[in-house]
Structures are given as C-alpha cells and as structure tokens.
Amino acid sequence: MTLLKPNILFQFNREQAFVWGLRSLAVLSGAIVLLIFGFLLWEAMPLLNKIGLPRFFHDASWHPTSQEFNLSPMLWGTMLVMFGAVSLATPLGILSAVFMQYYASPMIAQIYRRLIELLAGIPSVVYGFWGLVVLVPLIGKLHPPGASLLAGILILTMMILPTIALVAEASFANVPSAYLRGAVALGLGRWAMIRGVIFPATKSGLITGVILETGRAIGETMAVLMVCGNVVQVPNNLFAPVRTLTANIALEMAYAVDDHRAALFVSGLVLMALILGLVTIAEVIRE
Amino acid sequence: MKYIKLLVPIAISIMTAIAVQSCSSPSKTQSKSAASTNALAGKLVLTGSSTVAPLLSEIGKLYELKHSGVRIDVQSGGSSRGIADTRQDVADIGMVSRSLKENEKDLQSFTVARDGISVILHKENPIPTLSNQQIVDIYTKKTTNWNQVGGKDALITVVNKAEGRSTLELFAQFFKLKTTDIKADVVIGDNEQGIKTVVGNPNAIGYVSVGSAEFSANNGTPIKLLPTNGVTATISNISNQTFPISRPLNLVTKTTPTELQKDFIDFARSQEVYDIVKAQYFVPIQP
Amino acid sequence: MNSQHSDRVMTILIWLVASLVIGALFWLLSDILQHGLGQLNWQFLTTTPRNAGREGGIAPILISTALIILVCLGVSFPLGVGTAILLAEFSSQSSVFSRLVRLSLDVLAGVPSIAFGLFGNAFFSKTLGLGFSILSGGLTLACMVLPILIRSTQEGLRSAPEDYRRSGAALGLSRTAILWKLLLPAAMPALVVGILLGLGRAIAETAALIFTSGYVDRMPSSLLDSGRALSVHIFDLAMNISGGESHAYASALTLVIILVVINSIISWLGEWFRRDRLQLL
C-alpha cells in the first residue's frame, strides 16, 4: 500500500510506463480464463440451444449416444473426490509445513522439502499407473472391485499435498521473527505458538494454498481416470466406483461426435461454474 | 558472483535464437502444393485413433527412410478427432479404429490392418470357456457370482469400455447387447487399463484387443483369453478369418488421395510393412 | 501441565504425519526405481525410440520436453511475475480490477488439464496457426502454470514487511528500485515455490500436451515442430503400447531424476539471489 501513496507517485516518469506495462500484463493474464470460457461455450452452444440446461440434471442417466445427458452423478463424483482429498491433504500438508519449519533440523527439513517438491512433479499418469497396479488391487482385497472413491481420494491426496505444504511453508517462512520472539518471551510452548500466532498471521497464505490445491483436485484427469472405476453413479460408500466430470471428458472425448461432444463441453462449463462457486466462497471467508 | 548478470542475458539470447530459428523454418502443411518435383516431398499430418497411432508412427518412420524429402507426423486424439480433423483439412489423413459409419461415407477409407476382440479372465480363474449367453448374462448382471457358471464362490467384477469406443460397439454388436443394458463395475479407457484391471482382480472379466491380450499373456501377464464360438483368440485365427469378432483399422481421406498421400497409403498397405504390423500385434491385410 | 502435555502430543503427531507422507512417497518411488533402474543407462538417454518405444531410448523426447518447458517458463515467468507485482504493489487490494484478475486466476487454476488441451488445440494450434508444435504446447502449459506462479509470488510480496517500503520511500528510492532491490528479494522464497510448483505441474502434464505439442517422437528441429513430451511418452508406453511397461518405468525414473536436479538448482539459485541482495545470513 505504501507504494500507492501520492507523495511517491509519479516521481519518475519512466515508472508510469512501467506500471502501465504491468497493467497490460495483468489484463493478459486475466483474459486467458475468459478465452477458455468462451471456447467451451462456443463448443457447447449447439446442444445447449437444442435441449436447454435442465436436462443435464434431470435426464434418466448418462448415455449420450442414446440422447440421455444427466451430469449429476458425475458432479457428485467430482465433489466427493475433491472434498475427500482436500480434507485429507490440508491437515497433512499444513502439518508437514509446520514440521519443515519448526520441528525438523535444517538438514532434515531440506531433504523433506526436496522430497515434497519431487511429489509435485511426478506426472499424473505415473500416480495413476501406480494406483492402478498397486493401490487398487490392495483395496480390492479389502472390498471389491478396488477401483473406487477411496482409491481416487488417496491418490489425489498424494498429488495435491505438495501444493498446500509448500505454499504453507513459504508463508511460515515469511512470518516476522519478532512474532516468534514475542511468543517465546510470553512463555508459549511450540505448538501453542504455532496455533496461536503463526496460523492467524499466515491465514491469507494458507487460504491461497487451499484454493490452489482445490483447483488442482478438481482439474485432475488422468490419475482419477485410472483408479476411480468410472462407473456413472452416485456412490453410496467409499468403496463404490465413481466417475468424475474430468475423467468423463477424457474417457469419451476421443470417440465423441456431434451431440455427444457438445455434451462433454457442457460438462466442462459445469466444472468451471463449480470452481467459480468455490473460489467465491473462499474469497468471502478471507475477508 | 557477477556471473549472474551475464547468465540472464545469455539465457534470453539463447531463447531468442531458438525462437528466431523456428520462425525461419517452413511451416504449413500444404503437401498438395509441395509435390512439384519428381521426388516425393512434403509433410503429411495424420491424426486419430490412439490404437492405430503407434502402428502408423512406425510405418511413417520407415517411409521417411525411403523418401528423404518427406515428413510424416502422426498425432493421437481418438478416432472421432481423426474424422473431424480430416474433414476440416487440419489433418491430411485420419486414423480410425473401426469401419466408417453411415454419416461418414463422404470420406474414403483404406484398411491397413485388422484387430480382434477377446474376452479375458485372470489366469487363476478356473473357468476355461464361457458361452455367448453366459457372457451376456454376466454383462447384464443376471449372473453375478462365478459359482453360477461353474467357478469359485466370488462376485464377478464386470469390466466394460467407455461409451463411444469402437471396441465396445463391436462387443455389443456381436453379443447382441444394447450398450445401455450393460451393467459394469469398472469402466476403462484403453486396452492396457483393461488388462491391468483384470490382473489386479482375480474375479474380473473384461474384453480387450486380441493383439494386446495375446502379447501380454505370452509375456507372463497372468491373464487368459477365452475362445469365442469355439475358436481360440489368436492373431492367426483372425488372419485366417475363423475368429468371429474382428475390426478393421482404417486410414481415411477427405477426397481422392493426392500423389503423396496415395503413395504413402499404398506403402502402408503393402508387403513392405508386414513385419511392422506384426510387431505391433495387429493382423496384416496381406496374407 | 496441560499445555506441555498437548505440546508433546502435537510433536509426536507431527513427526508421525511427516513419516506418513515420506512413507507414501518412498512407496511410490521404490516401485519406480525397482522397475525402471534396469533399463536406465546412457544408451537409453541418447538414442531414439524404436518399435513404438518398446526399444531404443528417449533422446528426442528429452529434447522436446526441455524445449516445451523453456517456452512455458519463458512466457509465464515475465507475465506471471509482472502480474503478481501489479496485484501486490501497484493496485489496491479491494479495487475491482484487482479482484477480477485474482478471481479469474483462481478459476484458471481449477480448469481441468484436458480442457486446457482442447483449448490449446483450438486456440494456439488452429486459430493462431501454430499447428501441433512445441510452441503450442509450451504456450498452453504457460496458461496452466500462470495462476500458481502469480498467486505464490503475490503472497510473497504481500508478506514482505511494510518497513522495507517505508524505509525505501524515506530514502527517496523510486518505486521500481524498492521493488527490485528490496521487495523481490524478500519475496524470493515464495517466488521460487511458485516456479517449482509451476514447473512440477508443467513436467507432469499429459492431457494438455497430447493435443498441442503432439505425439511425434522425432528429434525436433524447431519450435514449430511437433514433439513428444516425457509425460506423454510415459502415458503411451504404460497405457497404449503392450509391452511398454519397462521403458515406461525407466522414463518415469528419468523424469524423477531430472526433477530432483532442476528443483535443487532453482532452489539454490533462489536462495543465493535472496541472500546476495539482502546481505542477510
């Protein structure tokens, strides 16, 4: 905010050009999502015009080649997998960050951080493959068929944990040391300091981390495709197979024509609406 | 470390150099206008089925060795993309893993190989064969336990392919099922996913391409192929046309092929690529 | 005492969580190592793929991947850092413009990878005429990576102490000087995290690249050539080609090793930059 104060504004004229340059970059960044939205709308329009939006939630089932387009079971699939993964990954990730920053020795923290960064870069197809070949049979022994909501949640948790962990850790690193010293001076124990001082101070960063990991969770395609079973139904327990909207697009886009293809783009629009809803809620919480 | 001040401009100049070089190389696809000399020259872009793509990629490489002025670019994306891209002139030739439908007869198709579909079980499953009616009952969930068809007491895990896929349509067509009647426990996309799902679950039943199944079974993967109508599911039985469930792998063009396209398509159907087709576990059209 | 008790409980819990996470990672990594180590040798890294990738190596694929990543970071870094600076320093947090841009970036972060692939294909490959090319793939990836980079850098800038700005202003420094010399170095850890997460996302991306940079496994001669990325190659070998598993594992192992090396270099660079500028310990 200091940089916006009038008495240092426009002190150097070159700066004005610089700031306008920055503004145009920001406009460019912001425009991308509009382009994508427009693209999805363009492709989905023919079918939306033909049958309208309500049918996508009230048809008998999802059988696009037989003109049935109910998206709701898959919407449930997406939301359940996402909520499950985020609920699991957020505490694990934040505690991992706490570990790296406040409990581990610098060398252990360094190694741990490298490993978490590694987790972030492993391709979704490797996670999916490993899940299909190792995790799914394991779950299957407990309760067939194995490919299930639980498998999806577990794999997705592994994939999004690095995001929240690393962003949280960066936020923790930025807490002014005065806060820490003050806490110690007050005689607070380590956990009490973390809970009472660090978390409130880094609330904004943590929420950013949660938003980013939720985004990744909603958008993940390959891995959930391989481990979730892909049956179009609302699951009634953790071991039932589900299909997410993203897996649906990936699974059927390759062979979809005309109406079927347009229906898949409609599901893309529904996903964007979901993300928009969640992000708005997060922003409101932040205020 | 003043070197960092050197590093940044050097990095920028390297990137600029690469970018400039790319701008100066020839771009567009126009193979139609390229063939002006006696020797064949130009670029062909093929898009379509991911099943056919590896085969055509290898055939393309052999063709490039024989005609140094030609480049064959093979892309993936699915059969429907192959059709759409060919119609819109984005691709020169499309790859489709089925015969053309009624509304696609404006395109010309050329078969380059054949493939079959086999029902697979886990190797540990004691059942040696299933009648067509038994398979129908299993896939419509009239039969839900292996002991109802002479096997162990275990729930059957039904593995089905995603809607729109040519393998599914062929399967449904042969067994006279409607795709909406099939009740699956796991829905998969690619052949390998199907094989790995059955490997991970001893009580699963699925259907995949004969080529992939035969290769895997021969290389120690614990699956077995069931005979259909009494005929064992092997590549050779598809070749001598005794195996009943088979499909053609086609190349499609929008209009009559140009000189370069025709030469390549003829090459892809000739005796010269016999070994490549066999190496990819498909059935060559030349006996 | 109650707080000492809960402190100890939390300590144990946190160590447990850390071990759990590392355990899961090692489970995954050991699987890759076990199956991939046998195939990994110098020849694998320097020859071209043969027989649809079942034999031969991955040299052209490594080059294509490197070029795609370079394009991605080369475009997203200036765009991202610039936007982050604007959002954090040169516009009010509650202005409509700032809110809209932040909202659109958060939504962008959630767009599924396959949607990016289809969009990239329609926009970069068809509308802008780049066709199936490394450039097309890199630009699409840049769109994916942008929100991560921007939000992370923005958070880093926001949490730089206000004192820095005030003392800079008191000394009569221009806004850009305050930015370059004080704020960006202070935000460096967050910036590095943004780059690493973005890089991770870029290398890991498969679906978006199948439709943009494509499937061709030839050595690329320019940015307009189609080139197969490492993740696409792994996907093809694991899920599409029968008998491709061993090379899929070896490619995955290669990718993991590359990631470790790049991550270390970027982290070290970032830390050096911060220390050098701020003359801190």
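Here is a quick look at chain A and at how it meets chains B and C. Keep in mind that this is a predicted model.

Let's begin with the fold. Chain A has twelve helices and two strands. Reading from the N terminus, you pass two helices, then the two strands, and from there on helices to the end. Measured out along the principal axes, the C-alpha atoms fit a box of roughly 70 × 55 × 30 Å. Chain A has 287 residues, and 54% of them count as buried. As for contacts between residues at least 6 apart in sequence, 74% link residues at least 24 apart.

Now for the neighbours. On the chain B side, 27 residues of chain A touch 26 residues of chain B. Three helices of chain A each bring at least two residues to that side: H5 (124–142), H10 (222–227) and H11 (245–253). H5(A) gives the most, with five residues.

On the chain C side, 80 residues of chain A pair up with 82 residues of chain C. Here helix H1 of chain A, residues 13–51, gives the most, with 17 residues.

And what are the two sides of chain A made of? The table sorts their residues by kind.

| Side of chain A | Nonpolar | Polar | Charged |
|---|---|---|---|
| touching chain B | 18 residues | eight residues | one residue |
| touching chain C | 55 residues | 20 residues | five residues |

So much for the counts. One charged residue sits on the side facing chain B, and five are found on the side facing chain C.

Key:
Residues are numbered from 1 along each chain as its sequence is written. Chains are lettered from A and ligands numbered from 1 in the order in which they are written. This is a predicted model: local features need pLDDT of at least 70, side-chain atom pairs count only at pLDDT 80 or more; totals for chains, interfaces and linings use all residues. Helices (H or I, at least four residues) and strands (E, at least two) are DSSP runs, numbered from the N terminus. A residue is buried if 20 or more other C-beta atoms lie within 10 Å of its own, exposed if 12 or fewer, and partly exposed in between; C-beta atoms are placed from the backbone. Two residues are in contact if their C-beta atoms, placed from the backbone, lie within 7 Å. Ala, Val, Leu, Ile, Met, Phe, Trp, Tyr, Cys and Pro count as nonpolar, Asp, Glu, Lys and Arg as charged, and the others, Gly among them, as polar.
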